[in-house]
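Here are a few short exercises to work through with the structure open beside you. Try each task before reading its solution.

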Amino acid sequence: MTALLDMDQLLDQMETGLRQVLEHRGVESPVLIGIRTGGVWLADVLSKRLDIEEPFGELDISFYRDDFSRIGLNPRVKPSSLPFDTEGRDIILIDDVIMSGRTIRAAMNEIFDYGRPASIILATLIDLGARELPIQPDVTGRKLALDAHQRVKLRGPDPLRIELQEAGQ
Amino acid sequence: MTANDASPHHLQLTRDGQLRHFLTLDGLDRALLTDILDTADSFIEVGERSIKKVPLLRGRTVVNLFFESSTRTRSTFELAAKRLSADVLNLDISTSATSKGESLSDTLLNLEAMASDMFVVRHSQSGAPHFIAESVTPGVAIINAGDGRHAHPTQAMLDMLTIRQHKGQFEGLKVAIVGDVLHSRVARSQIRALNVLGAEEVRVIAPGTLLPNDVESLGCKVEYDMTRGMSDLDVVIMLRLQKERMEGALLPSEREFYRLYGLNQEKLALAHPECIVMHPGPINRGVEIESAVADGPQSVILNQVTNGIAIRMAVMSMAMGGQVAERQHKLSERGQA
């Protein structure tokens, strides 16, 4: 399993995919936003690979989650930090794993509270399927189908590696 | 009601230690106070966005229940609730139903029937928010916005946030609280918070007539002479002279008080050169503090106001979160039974 999840290969895939989407859409100066925590590590790596000099943004979606009425507030919330104006910008939104799509919905709501972007491209390292909302990544490192008892987690930041966990561990 | 039931820290925490009411700092440990400060830090960032609003309390109703008027505290609570997307109802009780003879319990029952989720309570009687928290329907959070001479925990926490912003940490800090400690609800909360968070020394500087008898037992040193008390200070917190509460001749005159305990540039020069100056407002210029100091480079008085919104957002969302987590917990228990 770990052999299938070679990190460099996944990052190559994301880089190539992003270059294609950017070219296809004619986007010249995108900015990166990573969703904490894994997405931020990836934004760091990808900003270097894509030669984006503008510092990337970090998003903590705790205040935008849709499960507050079930689990309350995440006590580990940290401030989001977007060191640029999102108004009118082309944004590459990055997360490590996409599953239900709820995190991305929350992240997009948060981004719009900073200003109206021109466009958002979604890139994720791993797509686990099992979507609950009509949200699909434009670029993904790899699609993966897990058994019900398996979980996947990005560890980092240096080195970045993917851990496959059996439930209960 | 047994003594144990009445203990505020059992009342204000869920069984796994989350906040569900915010009544007093008594019984809250350093980890929880630090969580409040950290959460508030995140809300400060929200206040700098073009849309200063997050959807956390969308669809919930917050009632500001002010039995005693306070424009600044009420408006920062109102703004905090609105920035959390809650619906806000401001009730000035002194001009409302209670003057028509309705009892406090009946007023509360009516407000609960409007499906309120949170009461922010200000009252001149110590313990009123505590009383309401004991009798309110489960699921409704109570936030103390100042009760009698007892506590003003959100004001103390916004002061802690302001200190941490400017000094980075509490270890090694020498902090003085100057003025009318006797009538101050916030001084008790501040002394408590500073001790829990690990400040090196808390000093109160005041004439004996404006100090409660038991003041040292709160965890502070007493200094009657301000000139001596200012030495080495990292933070000086001025208290407002609560003229409307002053009973009897506790002071010879305002001018005499200012000469002895007012903060001017000469006295501030005795403190550490980077000492910050705080005041909960509203300021009585020329009574507790000289304008040149209040508006000077060491003053962080306006930061305190900004931080007040963030702290209130933090406490409101944490208490509401504790209430929903607890309700969920009970539902799952019932499901298993």
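The exercises below concern a predicted model, and each one comes with a worked solution.

**Exercise 1. Describe the overall build of chain B: its secondary structure, and its radius of gyration set against the rule for a compact globule.**

Solution. Start with the secondary structure: chain B holds 13 helices and 9 strands. Next, take the extent along the principal axes, where the C-alpha atoms fill a box of roughly 65 × 45 × 40 Å. Now turn to the radius of gyration. A compact globule of 337 residues would have a value near 20 Å, and chain B has 20 Å, so the two agree.

**Exercise 2. Find what share of chain B is buried, and how its contacts are spread along the sequence.**

Solution. First, burial: of the 337 residues in chain B, 46% are buried. Then look at contacts between residues at least 6 apart in sequence; 75% of these join residues at least 24 apart.

**Exercise 3. Work out which parts of chain B meet chain A, and what kinds of residue they bring.**

Solution. Begin with the count: 20 residues of chain B are in contact with 17 residues of chain A. Next, assign them to elements. Two helices of chain B, α3 (30–46) and α13 (301–336), each supply at least two residues of the side that touches chain A. The most comes from α13(B), with 7 residues. Finally, sort this side of chain B by residue type: 7 are nonpolar, 8 polar and 5 charged.

**Exercise 4. Take the "binding site" positions that UniProt gives for chain B, and place two of them, B:Arg72 and B:Pro282, in the fold.**

Solution. Step one is the record. An unreviewed UniProt entry puts this feature at B:Arg72, B:Thr73, B:Arg122, B:His152, B:Gln155, B:Gly281 and B:Pro282.

Step two is location. B:Arg72 belongs to helix α4 (residues 71–83) of chain B, whereas B:Pro282 sits in the loop between β9 (276–278) and α12 (291–294) of chain B.

Step three: is each residue buried, partly exposed or exposed? B:Arg72 is partly exposed because it has 13 C-beta neighbours inside 10 Å, while a residue counts as exposed at 12 or fewer. B:Pro282 has 10 other C-beta atoms within 10 Å, so it is exposed.

Step four is contacts, setting aside residues up to four places away in sequence. B:Arg72 touches B:Gly281 and B:Pro282, both of which are on the UniProt list. B:Pro282, in turn, is in contact with B:Arg72 and B:Arg240.

Terms used: Residues numbered from 1 in each chain as written. Chains lettered and ligands numbered in written order. Predicted model: local features only at pLDDT ≥ 70, side-chain atom pairs only at ≥ 80, totals over all residues. Contact = placed C-beta atoms within 7 Å. Helix = DSSP H or I, 4+ residues; strand = E, 2+ residues; numbered from the N terminus. Nonpolar A, V, L, I, M, F, W, Y, C, P; charged D, E, K, R; others polar. UniProt positions renumbered as here; feature names shortened; annotations may be inferred. Buried ≥ 20, exposed ≤ 12 C-beta atoms within 10 Å, placed from the backbone. Rg over C-alpha atoms; globule rule 2.2 N^0.38 Å.
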